[in-house]
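Grab a pencil and open the viewer. Here are a few exercises on metal sites and a bound ligand, each with a worked solution.

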Amino acid sequence: MTLDSSRKKADLHIHTCYSDGLLSPTEVTEHAKKRGLQTIAITDHDSILGVEEARTSGGRELEVIPGVELSTIYQDVDVHILGYYVDFRNGKLISYLVDLQRFREQRARQMIEKLAGYGIRIEYDRVRDIAQQGALGRPHIATAMQEKGYVATIDEAFYRFIGYHGPCYVPKKEIEPREAIATIKEFGGLAVLAHPGVYGCDELTAQILKDGIDGVEVWHPEHSKTCVERLLRLAKEGGLLITGGSDCHGGRKGRSVLIGQVFIDECYVNALRQRAGAV
Ligand code: AMP
Ligand code: FE
Ligand code: FE
Ligand code: ZN
């Protein structure tokens, strides 16, 4: 969508330092306000711990929808499911996510061990430090590799070693989309298929939609115009919610801060609010 200052705008896909984003929740809300957004969603990987701070710093000026982005595996593809309006203060949900984060830590240790087999010696403690309080992910490992000069760029760490098909890749906890969707619903949320255009397989999208998903992320930086048109048609035909956002990681991946560069219209947020019973 193109920027039009007269419309209410929402960016419903933003990461913070509680996963692999570089900005704190407060910094995210400051950027969002500056860019004229009325609504954002915080959608960290396997964490909802950034939501409270963002709601406080967002104040009355900026609506912050609680969200999460869960990683799943579907027929060997890393599929992400967004959960909006989950009960972010629920202790059971927080424990569920803490378990996923513990798994991520074990997985990071395994990847570090595999890297050692390639002569790359990085310390787990350094990787944990880089991630601060965040859910530990491959970007944190890549940063440690870059720091020690094993790779020139983060991208190089991914394509040579820890990318999905790389020799040192270790999967996260193997949750199926069906389980992620059920968990999001158990905690009062709406499940939305994240960036379907990234998976490069329409059949996969069609299958996951049968697993009870509530919506589809139509607008995303990695979606082409034709992909957006196809997804819009698919969502409308299926009576699904429509979302979109920048997937901002706060300047990671050699990009600028993307907050608000991909956004959706208020009408789609209204439909989401209504379905969630948040109005
Ligand atoms: P993980 O959740 O640990 O599997 O890490 C996946 C995250 O790595 C994604 O959410 C992206 O933020 C990031 N990522 C994936 N590919 C790349 C890449 N080529 N360069 C930098 N970051 C990437
Ligand atoms: Fe990420
Ligand atoms: Fe994602
Ligand atoms: Zn994301």
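**Exercise 1.** Find how far the iron ion (ligand 2) lies from the iron ion (ligand 3) in this predicted model.

*Solution.* Click on both ions and read off the distance: 5.9 Å separate the iron ion (ligand 2) from the iron ion (ligand 3).

**Exercise 2.** Work out which residues coordinate the iron ion (ligand 2), and where they sit along the chain.

*Solution.*
- Step 1: look for the coordinating atoms. They come from Asp-20 (OD), His-45 (NE2) and His-249 (NE2), at 2.1 to 2.3 Å.
- Step 2: put these donors in chain order, and you get the spacing D-x24-H-x203-H.
- Step 3: place the two histidines. His-45 belongs to strand S2 (residues 39-45), while His-249 is in the loop between strand S7 (241-244) and strand S8 (264-265). That's 204 residues apart, so the pair links distant parts of the chain.
- Step 4: decide whether they are buried or exposed. Buried means under 20% relative accessible area. His-45 is at 10%, so it counts as buried. His-249 has 9%, so it is buried too.

**Exercise 3.** Do the job again for the iron ion (ligand 3): name its protein donors and check how accessible they are.

*Solution.*
- Step 1: the protein donors are Glu-69 (OE), His-80 (ND1) and His-195 (NE2), lying 2.1 to 2.2 Å from the ion.
- Step 2: their spacing in sequence reads E-x10-H-x114-H.
- Step 3: Glu-69 is found in strand S3 (residues 63-74) and His-80 in strand S4 (residues 77-84), 11 residues apart.
- Step 4: use the cut-off of under 20% for buried again. Glu-69 has a relative accessible area of 0%, so it is buried. His-80 has 12%, so it is buried as well.

**Exercise 4.** Describe the surroundings of ligand 1.

*Solution.*
- Step 1: there are 13 residues around ligand 1, and His-45, Arg-107, Arg-138, Lys-172 and His-249 come nearest. You've met His-45 and His-249 already, as donors to the iron ion (ligand 2).
- Step 2: sort the shell by class. You should get 3 nonpolar, 3 polar and 7 charged residues.
- Step 3: check some polar pairs. An oxygen atom of ligand 1 is 2.9 Å from an N or O atom in the side chain of Asp-20. For the side chain of Arg-107, the corresponding distance is 2.8 Å. With Arg-138, a polar backbone atom is 2.8 Å from an oxygen atom of ligand 1.
- Step 4: see how covered ligand 1 is. Taken alone it exposes 500 Å², and the protein buries 84% of that.
- Step 5: find the elements giving two or more residues to the shell. These are helix H3 (91-116), helix H5 (138-147) and helix H6 (154-162). H6 gives the most, with 3 residues.

Methods: Residues are numbered from 1 along each chain as its sequence is written. Chains are lettered from A and ligands numbered from 1 in the order in which they are written. This is a predicted model: local features need pLDDT of at least 70, side-chain atom pairs count only at pLDDT 80 or more; totals for chains, interfaces and linings use all residues. Side-chain values use heavy atoms; hydrogens and water are left out. Donors are N, O and S atoms within 2.8 Å of the metal (3.2 Å for Na, K and Ca); water is not among the atoms, so sites may look incomplete. Helices (H or I, at least four residues) and strands (E, at least two) are DSSP runs, numbered from the N terminus. Buried means under 20% relative accessible area, exposed over 50%, partly exposed in between (1.4 Å probe, protein chains only). A residue is near a molecule or strand if one of its heavy atoms lies within 4 Å of it. A polar contact is a pair of N or O atoms within 3.5 Å; within protein, one must be able to donate a hydrogen and the other to accept it, and residues adjacent in sequence count only if both atoms are side-chain atoms. Accessible areas come from the Shrake-Rupley method with a 1.4 Å probe; for residues, only the protein chains shown count as cover. Ala, Val, Leu, Ile, Met, Phe, Trp, Tyr, Cys and Pro count as nonpolar, Asp, Glu, Lys and Arg as charged, and the others, Gly among them, as polar.
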